[in-house]
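Here are my notes on the model you sent over. I went through the domain splits, the chain contact and a few other bits, and wrote them up as numbered points.

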Amino acid sequence: MTKRILSTVALGLAAVLGVSACGTNANSTSAAKKTDASLTVAHSEGGKTLDPAEANDGTSDTLVIAAYDQLVTYEKKVVNGKPVAKTETIVPMLAESWKADKAGTTYTFTLRKDVTFHNGKKMTSDDVVRSFKHIADSASASFLYKMAGIVSVTANGENSVVITLKNTNHLFLQILPMYSFSIIDMDAADKAGDPKWLAKNTAGTGPYVVDSWDPATEAKLARNDKYWGTAPAIKTVNMKFIGDASNRLQLLKKGSVDLALELAPKDVETLKDSSGVVIDSRPSNKILFFAMNNKVPPFDNPKVRQAISYAIPYDKLLTDVMKGQATRMKSAVASSTPGFVTTGYTATYDLAQAKKLLAEAGLATGFSFTFTLGSGFPDWNDDAVLIQAELAKIGVTMNIQNMARAQFLEALAGKNVQSYISRWTSFVNDPGYHLGLLLTSTGTSNYANYTNPQLDALWTKAATEQDAAARNTLYEKAQLLINQDSPWAYLYEYNIVVAQRSTVDGYTSYPDALIRYAQLNKKNT
Amino acid sequence: MPFVFQRVFSMIPTLAGVVVGIFLITRVLPGDPARTLAGEQAAPSILAKLREHMGLDKPLWQQFVDYTAGLFRGDLGYAWHTGHPVAEDFATRFPATVELGIAALFIGVIAGIPLGVLSAVKHGRFIDHVTRVISLVGASMPLFWLGLLVIWLCYSQLGWAPAPVGRLGDDVQPPTHITGLYLLDSILTGDTMALGNSFAHLIWPALVLSVGAIAMISRMTRSAMLEVLGQDYIRTAHAKGLSPTTVVSVHALKNAAPAITTIVGLELGQLLGGAVITETIFSWPGIGGYVTKSIDATDYAPVQAITLLAAVIYLVVNLLVDLSQGMFDPRVRHG
Amino acid sequence: MADQQRANPHQARVVQADRSTSIVTLLFRNPSAMVGFGFIALWTLGGLISLAASPYSPTSTGVGGLLEAPSLEHLFGTDNFGRDILSRVLAGARVSLWTGLVAVSVSLLVGVPIGAVAGYVGGSLGNALMRIMDMLLAFPSLLLAMALAVALGPGLSSAMIAVGIVGIPEFARIMYGQTVSLREREFVEASTAIGLSNRAILFRHILPNAVAPIIVRCALGMGYAILTAAALSFIGLGAQPPTAEWGVMISDGRGYIITGEWWMTFFPGAAIATSILGFNLLGDGLRDALDPRLRTVAHRQHSLDSTTARPTNPTTATHTKGTS
């Protein structure tokens, strides 16, 4: 239903501009005005590749999204005075309009005629077809391609592309705006003759051109002055790659960088008092959970899992570890995901209740288990230490086992890890995507072995349900089941924290947590 | 000359052993490079594709053959975690490590040798004891701790040091690339701004890294000097009425030179090891941080390449030290 | 190249001499060795006493406020979980000393037999064994320790064994050098002439004579092992939380340096430095005591060969193996 309504909406260029400008901020005029300003940003890592179909780390993705455009993109809305992506609504980008057939399996996209790649070549349907082929053949994004259910992509004249799907699939239009589905000038890549050329070069239509990129130190972006859409306000962007969070903090404090990402929560606290710095901290759909292997005793008993969930010092985790840069997680899906409900979730920090549940499970004297801790995230380490201390109070011994990231991921894949903490961000902000990967019995990331046939049935039914409201009802039932079974103890939902000099604004948050430089602007410079 | 050939030739089995050894060690490491690259959300189909793409689906012997064949072609492989060929990553990072290592060695020499000479000349006296203790303290310092203390004191508290991030401040452009050593390049191109700035960034990690070298060099110098000072000809020189300064600087130091050269050479290899930790702490964009990241990501090619590089450096330094000793002391050849 | 080790003319004389003089007496006359011994005793006692009477539990969170500066209540301050740092540093002493002991034992128990066999049997077996040792030395030692620690699986015991393995070639070389030089000496030749078995010669003559340099190496090896294990823990490959281990404590405190909470890093670091210094001073003093003629030999905890005052061939005689 929504699909069809959406697909009949063909927004013109003016409308898109209007929408994005309103969404940006109150000073919408400044966002659209080109300036000579340059922006310096401190990232934590240098990125691995510029290939849109292979990128899967924050810095690579950010570079891709600056240099490339997609067929369609997310609408924006304002929440608490701040612009955020409105993922339920998809708006035109390189495609100026699209239509779906009645069955919802054939989509016809009409392309803009005024778009050129950075090298001056005009973008046509041929480029779209070949870009999709590149995505289908990629190692990384082919997975999304499959999830979107795409069967074929064909050109229908120079300015129109027809995409057919296996079934009706509500995820299709949700996936298209992702950076992985960027439109690439495949001629440029083919001319270079090197299959890895796209990993180090860009051939897009996007608002910025990547001038230089050295993953060890920095990248420089220059404004694409012939950009087909709203010209970015910032002329040049310098991305600095600084591994140490406290160093990023220092540079921001001194004003050497305009924006710093991935600061430690305790540092964010100290920044609140420093002048000239603005903290933009807002909820995201990035969650952290404490998973207990449902197939490994004693966690095969739901009572034991529930007991653990009553012994976790939730408030302490939020205040002592995350310093307020996180909120309680209260369902298996993030609170910002459509269809989120907390029904069936009752856990609070209550040691007496935990003890009672343990006794009911026949483990009144406690037990001991192995907890695998992946390295690289200081908050996980701190959470583990605090949880360990609480569990000790109910007679449960939690033996922490440290693992380097690579070993940790390998261990999880074996599905034998007894318990662990892991984070998750669903880039497609949809409960079907989220639950399908994490909690259905066939979910590829269901490392805790949670199996509930009822949940599987609900999920399968929802996947082909076209009506959004009916779908959400099914997902609500699914959450109730999970919340009662407690395969995980829910820890928290991270805030996305962007610390910026007060001269910078325009930041809009997206489910992928990436910064779109083209939306930023800088005052008084 | 045959001696040189023999020595070079004898390095081959050792190097071959290192190549095989590190290949096996990386393969034994738990952790799948494809999974690490793909991240926690990766589906099995992606992993299979990635493994194929990375050549990990081939049998082990095939991977080894490919790897060694690559080595003979001068191909060090591909670093998946940076998305660049290892050789390219080396080209951008190695100069930074070399600059840091040379600076630390330089500090080690100019501080270590005078300390050692002083200690030997004042043998058994108070100053000797002080120097010996200082060098032992230096040798006992955990670099990761010392580095953090320097950052705390000189940067956070006193503000003497620039932010411990990289080789240059943000507002300074790197000097025109000639050698890749910023200090040298900025002198060559007359770039005073880059010179001052890169010096300010270099000096702190170099000082931290040099502490071990100072300790080692001063102790070696002391012992070499003591041995020489005990020789008959030195007593003769004293007896002839030569000034103590002349005796020490002209006669003794000259004769102690081979031993001191040895230790300075060996110290170079040592510094490269210490650079791993120092670079991590000072966010220095060299090989050290690259090693840690490569191991974290179980990225085979760079780990193998770095190990091989370190082994080659170790063997070549030893060879050069041997050869220089041969020059100073012909007896060694017959040893 | 391995057979270029030259016999040390002082060796036999020296070793003969210390049979008659007690090592302990000689040590007592050496002030720096006593200072070293003092540091080691301090940490050993501290570690042991804290078993019975620790100010607080080293792993209990919230015994004080979070990140309290050193005060009378918490002499070394508290960490980000409100744990008492003094209690943790004392508990860490046990971990570090134990790590050192295990690692050095591994190096000793594997390295000495390899060196003895290679030196005594000689020939192609001896050559092959020492070649393997050469190869191990050619690996960058911190990298090797990191790789081994990862390969052996998470945990402190993996780190101990990894550090022990990295130390093997040093012991093998010392023993090899000793055996080669002693094998040629008159009393061994005489024993062979009397018809003593190889085993008896190794155990009765060669091993006792090689004890002195090995003891020195053990003392210095302890320092090296503590340092390397702490470095491994610092990068997350050693002790598991909430174990109070010095390297882990420094790593935990690292993020707090710039915001001014120096005590989280300072005290465990000072503990590492003083305990390593202790072993270095003791090793230095032991060498002086065991061999006065060679007291000036340069060394550092991880780079020495105790048999030669001046390395004639550095590849065989001296090797610098660096870590952190």
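The points below start with chain B, move to chain A and its contact with chain C, and end with chain C itself.

1. First, a caveat: this is a predicted model. Please read everything that follows with that in mind.

2. Chain B comes in two pieces, with domain 1 covering 2-85 and domain 2 covering 93-333. Their C-alpha centres sit 32 Å from each other. On the contact side, 28 residues of domain 1 of chain B meet 24 residues of domain 2 of chain B.

3. How much area do domain 1 of chain B and domain 2 of chain B bury between them? About 2300 Å², and carbon and sulfur atoms carry 73% of that. The side of domain 1 of chain B that touches domain 2 of chain B is built from several elements: helix H1 (2-28), helix H2 (33-38), helix H4 (60-73) and strand S1 (78-79) of chain B each put in at least two residues. H1(B) gives the largest share of that side, with 13 residues. Sorted by class, this side of domain 1 of chain B has 19 nonpolar residues, seven polar ones and two charged ones.

4. If you go looking for charge pairing in that interface, you'll come away empty-handed: zero salt bridges turn up between domain 1 of chain B and domain 2 of chain B. Polar contacts do show up there, as two residue pairs, both at pLDDT 80 or more.

5. Over all chains, the structure has 34 salt bridges. One of them joins the side chains of A:Lys121 and A:Asp187, with N to O at 2.8 Å. That pair ties together distant parts of the chain, the two residues being 66 residues apart. A:Lys121 is in the loop between strand S5 (106-111) and helix H5 (125-137) of chain A, while A:Asp187 belongs to helix H8 (residues 186-192) of chain A.

6. Chain A also splits in two, though here domain 1 is made of two segments (38-262 + 502-522), with domain 2 at 283-494. The C-alpha centres of domain 1 of chain A and domain 2 of chain A are 32 Å apart. Domain 1 of chain A brings 17 residues to the contact and domain 2 of chain A brings 16 residues.

7. Between them, domain 1 of chain A and domain 2 of chain A bury about 1200 Å², with 63% of it on carbon and sulfur atoms. Which three residues supply more than any other three of the area that domain 1 of chain A buries against domain 2 of chain A? They are A:Thr168, A:His170 and A:Pro511, which together account for 40%.

8. The same interface of domain 1 of chain A and domain 2 of chain A has zero salt bridges and one residue pair in polar contact, both at pLDDT 80 or more. On the side of domain 1 of chain A that touches domain 2 of chain A, strand S3 (82-92), helix H6 (142-148) and helix H7 (172-175) of chain A each supply at least two residues. H6(A) has the largest share, at three residues. That side of domain 1 of chain A breaks down into ten nonpolar, four polar and three charged residues.

9. Now for chain A against chain C. The contact draws on 22 residues of chain A and 18 residues of chain C, and the two chains bury about 1600 Å², 60% of it from carbon and sulfur atoms. A:Lys266, A:Val385 and A:Asn402 make up 32% of the area that chain A buries against chain C, more than any other three residues.

10. What holds for salt bridges between chain A and chain C? The count is zero, and zero residue pairs in polar contact are found there as well (both at pLDDT 80 or more). Helix H10 (245-253), helix H11 (265-271), helix H13 (314-321), helix H15 (378-393) and strand S15 (397-403) of chain A each give at least two residues to the side that touches chain C. H15(A) leads with six residues. By class, this side of chain A has six nonpolar, nine polar and seven charged residues.

11. Last, chain C. An unreviewed UniProt entry places "transmembrane region" at residues 33-53, 97-123, 214-239 and 262-283 of chain C. In the model, residues 214-239 of chain C are 81% helix and 0% strand, with end C-alpha atoms 28 Å apart. Residues 262-283 of chain C are 95% helix and 0% strand, and their end C-alpha atoms lie 31 Å apart.

Conventions:
Residues numbered from 1 in each chain as written. Chains lettered and ligands numbered in written order. Predicted model: local features only at pLDDT ≥ 70, side-chain atom pairs only at ≥ 80, totals over all residues. Heavy atoms only, no water. UniProt positions renumbered as here; feature names shortened; annotations may be inferred. Helix = DSSP H or I, 4+ residues; strand = E, 2+ residues; numbered from the N terminus. Domains from an automatic or database assignment. Contact = heavy atoms within 4.5 Å. Buried area = accessible area lost by both parts, 1.4 Å probe. Salt bridge = Lys/Arg side-chain N within 4 Å of Asp/Glu carboxyl O. Polar contact = N/O pair within 3.5 Å; in protein donor to acceptor, adjacent residues only side chain to side chain. Nonpolar A, V, L, I, M, F, W, Y, C, P; charged D, E, K, R; others polar.
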